[in-house]
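Work through the following exercises with the sequence and the model side by side, trying each task before reading its solution.

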Amino acid sequence: MAGIAVSTTINGDKVEYLCHPDETLLEVLRDRLGLTGAKEGCGTGDCGACSIILDDRLVCSCLVLAPEAEGRRVETIEGMAHGDKLHPLQQKFIEHAALQCGVCTPGFLMAAKDLLTKNPNPTEEEIRFGLAGNLCRCTGYDKIVRAVQDAASMMRGAA
Amino acid sequence: MVEVTLWGSLGAAAGGRNKIEVEAKDIRELFRKLSEQFPSLEPWIDRGIAVSIDGTIYRDTWSKELPEDAEIFLLPRLAGG
Amino acid sequence: MTVNFDPRYLKREFQSVGTRPLRPDGIDKVTGRARYGADFNMPGQLVGRILRSPHAHAVIEKIDTSKAEALPGVKAVITAADLPNLTDGDAAMFDVLDNCMARRKVLYDGHAVAAVAAVDARTARQALKLIEVEYQVLPHVTDVDEAVKETAPILHESVFTEGTETRPGKPSNVAKRVQYGHGDVEAGFAQADFIVERSFKTEQTHQGYIEPHACVASVGPDGTADLWVCTQGHFVYRQHCAQLLGMDASKLRVTSSEIGGGFGGKTHVWAEPVALALSRKAGRPVKLVMTRDEVFRATGPTSATSIDVKIGARKDGTIVAAEATLRYSSGAYAGMWAELGAMTAFACYRLENVKTVGYEVLVNRPKTAPYRAPSSPQAAFAVESVIDELAHKIGIDPVDFRIKNAAQEGTRSSYGPIYGPIGIGPTLEAAKNHPHMKAPLGPNQGRGMACGFWFNFGGQTCTDLNIGMDGTVSLAVGTVDVGGSRASLSLVAAEELGIDYSQVRAVVADTSSLGYNDMTDGSRGTFSSSMATISAARNAIKVLRERAAQMWDIPVEEVIWEKGHAVAVGEKHGNLGRLSLKQIAAESGKTGGPIAGHSELVADGAGVSFATHICDVEVDPATGATKVLRYTVIQDAGKAVHPTYVEGQYQGGAAQGIGWALNEEYIYGEDGRLQNAGFLDYRIPVCSDLPMIDTQILEIPNPNHPYGVRGVGETSIVPPLAAVANAVSNAVGVRMTHIPMSPPRILAAIEAKGSG
């Protein structure tokens with residue numbers, strides 16, 4: 001079959017796939033690799049539900065062409081926990097009820113992880129602007145911000 | 001004997017009348033008697049009506065008893081989100 | 001069996017209800033394991049796509065699908081011809097059918113006209129381009145005020161206005177006129193010392209759920225079918241799909257996926273009958289996922305409205321008359337939106353003379369669907385704005401003015417019935433004393449407050465409670481979990497059985513496993529299913545007592561259930577001690593088999609709910625941009641089963657209302673096409689737009705529920721439009737009458753004031 005062969009690393013594992021040149025990384029993750037954690041909310045990079053981390057950069061995977069992952073490191077929500085040990089952000093999201101329907105949650109967790117990597121002690125305003133690329137329609141963001149604050153504090157304490 | 005008020009679109013369907021006296025002990029009997037008096041109400045009843053009994057809004061459960069002298073309002077079945 | 005509120009519960013100390021444990025589906029949702037509508041696949045599935053009209057109003061002259069059918073990889077193409085009319089005179093279902101796929105006319109930009117199922121997405125897209133449709137374009141009308149004019153293009157030749165005194169002679173876009181109220185408003189206004197009369201407009205908005213509609217449909221050659229779908233009501237979807245496709249409902253099994261938001265927008269079918277029809281024709285499963293563009297263009301947004309309000313009061317602050325005329329757009333097919341507006345507009349108040357007239361107006365826009373307390377926010381915006389203005393004119397504090405005129409137990413509501421015990425007074429008193437009211441305001445800042453009302457429903461509900469031999473409890477419910485209800489229902493089961501929350505696991509069962517359940521709408525999820533859960537648990541307790549009696553070999557009358565244990569009581573057997581649920585369950589195989597409790601009931605008497613919101617804003621006079629500084633929600637929940645999730649509902653509804661008030665609107669062009677069908681230009685609030693949202697839960701028990709629970713999900717979207725409008729109006733010194741109050745509208749208002 002025609003297609004571009006791509007060799008990449010996803011959540012620490014070497015992965016190879018074939019794709020069309022105009023397929024997005026989001027489509028490959030969901031439809032070819034069975035990694036359905038990233039969601040398509042809009043397909044145009046406006047909602048952040050498809051957020052992943054590509055070589056330490058937060059991106060909308062619906063705006064990344066699948067061949068662009070060649071030779072790079074991809075992190076998705078599926079790689080956030082280590083075995084049965086949740087990442088502090090995941091734990092705090094549950095504790096603070098920072099999710100209702102949960103469909104935006106994987107994207108928010110990726111964005112929050114990226115934010116705290118770059119800014120381990122953010123103010124409330126920095127958190128709000130740092131997460132402004134992710135849409136949530138259920139929570140009004142209040143409990144999401146509190147969860148991120150609490151997780152940041154926990155991560156600073158452990159560091 | 002209960003006094004039934006038909007409101008909004010139901011009142012219009014009953015020819016504009018909106019307060020009616022009916023002898024009925026439960027919702028099923030009420031609907032039967034109303035359909036007899038006002039055949040134009042039947043499609044509304046089939047589709048589903050909300051019944052307010054002394055201020056609380058109920059579904060159209062046939063066996064729901066109508067207390068004597070209760071204030072009954074029939075409202076269109078409500079949609080929610 | 002009716003389950004009524006036991007007043008002893010007022011003093012009862014709940015063990016589980018009212019606590020805040022972690023939700024059972026939390027881990028799946030934070031790890032990406034939870035499966036939503038588009039996360040499911042069936043072997044051999046095809047990709048479904050829908051062809052949509054580019055015209056707002058046109059007759060379909062001809063559809064030629066031959067080229068599409070001939071494209072390699074295309075396995076089925078359908079049009080309305082593949083969906084015969086089986087609605088048997090049911091006008092409402094016929095509208096659903098026509099909306100799913102246009103039969104003769106297209107009535108809005110995005111109306112479905114054909115669909116394909118192909119081996120992959122690219123082939124499906126190509127196939128759509130090969131379908132040739134000939135349209136005869138007709139004039140269109142998209143504005144609610146334009147559509148009522150004599151000269152407006154008519155959508156349906158068969159629609160004559162219902163509810164007028166004399167039968168109209170010609171068709172109209174006004175599908176219905178409804179009237180509510182009591183007393184004599186003319187006489188009332190004659191007594192008024194002050195009158196305020198104003199007109200308002202609100203633009204159309206969308207529920208904005210982040211997950212687009214998605215389903216996988218599989219129809220077998222024997223007519224049995226499976227449907228995996230994100231929905232607020234899988235039983236309702238089953239019924240509607242079966243009816244439209246001519247299937248037995250029992251042959252269609254619908255499984256509800258996790259749902260990525262609904263808010264009323266996933267209570268109707270759009271793509272699902274199409275997916276089933278495609279699968280039936282192709283003989284293979286079909287996965288149909290809507291794009292965001294399709295969601296905006298062709299699902300079910302709210303009504304746009306045009307509302308006139310007139311309220312009169314005496315100088316002592318008593319309202320003597322209130323009147324409203326409300327025009328609601330229903331999209332291309334009539335609904336009951338104007339009627340709900342007419343019913344809810346003055347529901348917060350105690351009025352001797354009140355009159356509301358509602359007009360349901362057809363326009364060339366998508367068919368309106370419910371959005372969280374449908375029609376109430378728009379009416380509240382108009383009424384609460386006038387209430388504020390009137391308070392100001394009289395010289396009385398806006399909260400005190402509302403307290404003085406608030407509905408109470410015994411008040412005749414503006415929609416007819418007399419109220420029982422209600423919470424509006426308490427929410428207003430709580431607002432008056434809330435610290436938010438004392439926060440200082442600076443330049444260009446303004447404070448606004450408003451009240452809101454919603455009905456809340458009950459409905460048909462089934463629940464199965466099964467006790468495993470290890471003593472853990474499986475709770476199968478039929479109400480889709482939109483925001484954490486599985487946690488709340490587990491708390492209720494734990495409370496009734498007297499066991500720990502961790503021993504209960506709640507799941508949402510599919511349509512083959514439970515009897516019919518009405519959908520999760522009308523704030524009924526927790527209210528209804530908790531009632532059924534309580535009933536099922538009490539039935540299970542009966543069985544547990546019988547088994548314990550058997551184990552002890554004593555009469556069952558001498559066994560009571562207390563704190564998770566069977567206890568032998570009475571003179572003869574009081575010394576036998578206790579048997580835990582675990583112990584009884586372990587022996588169940590020998591004492592009569594599996595232990596379970598079931599409940600099928602119509603949960604009813606949900607009780608109305610009220611809320612009061614307070615909002616502070618700062619408006620930039622140079623740009624018209626509004627920043628929300630502070631926001632407080634005060635609402636009566638009856639009894640908060642899981643307080644954290646109740647807070648979540650309050651905050652979520654408030655955020656949607658703020659977006660509606662400040663930015664969200666559908667923008668149609670002169671050509672009748674939707675111009676902003678995406679999240680970039682349909683601007684919902686983002687994290688940086690909002691402050692922390694403060695919540696206060698009041699608990700005035702609902703006498704019709706064993707724990708006093710009221711529905712909570714919807715009411716919180718009702719006050720924000722008015723609360724924000726009152727705040728902005730106070731900040732800029734001009735009464736805002738057009739929602740959303742986007743920067744250009746605010747700037748225009750400031751400029752008009754300056755030059756006036």
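**Exercise 1: a helix and its surroundings**

In chain A, helix α1(A) is followed by G34(A), a residue whose phi is positive, near 70°. The model is a predicted one, in which local features need pLDDT of at least 70 and side-chain atom pairs count only at pLDDT 80 or more, while totals for chains, interfaces and linings use all residues. Residues are numbered from 1 along each chain as its sequence is written, and chains are lettered from A and ligands numbered from 1 in the order in which they are written.

Task: establish which residues of α1(A) are buried, and what they pack against.

Solution. Begin with the terms: helices (H or I, at least four residues) and strands (E, at least two) are DSSP runs numbered from the N terminus, and a residue is buried if 20 or more other C-beta atoms, placed from the backbone, lie within 10 Å of its own, exposed if 12 or fewer, and partly exposed in between. Helix α1 spans residues 25-32 of chain A and is mostly covered, with six of its eight residues buried. These are L25(A), L26(A), E27(A), V28(A), L29(A) and R30(A). The buried residues of α1(A) pack against β2 (13-19) of chain A.

**Exercise 2: two domains in one chain**

Task: describe how domain 1 and domain 2 of chain A meet.

Solution. The bounds, which come from an automatic or database domain assignment, give domain 1 (4-77) and domain 2 (88-158) of chain A. Taken over C-alpha atoms, the centres of these two domains of chain A are separated by 22 Å. Counting two residues as in contact if their C-beta atoms, placed from the backbone, lie within 7 Å, the contact takes 13 residues from domain 1 of chain A and 11 residues from domain 2 of chain A. On the side of domain 1 of chain A that touches domain 2, the largest share, three residues, comes from strand β3 (residues 51-54) of chain A.

**Exercise 3: between chains**

Task: which elements of chain A supply at least two residues each to the side that touches chain C?

Solution. The contact brings together 42 residues of chain A and 42 residues of chain C. The elements are α2 (88-95), α3 (105-118), α4 (124-130) and α5 (142-158) of chain A, and the largest share, four residues, comes from α2(A). Sorted by class, this side of chain A has 22 nonpolar, 11 polar and nine charged residues, where Ala, Val, Leu, Ile, Met, Phe, Trp, Tyr, Cys and Pro count as nonpolar, Asp, Glu, Lys and Arg as charged, and the others, Gly among them, as polar.
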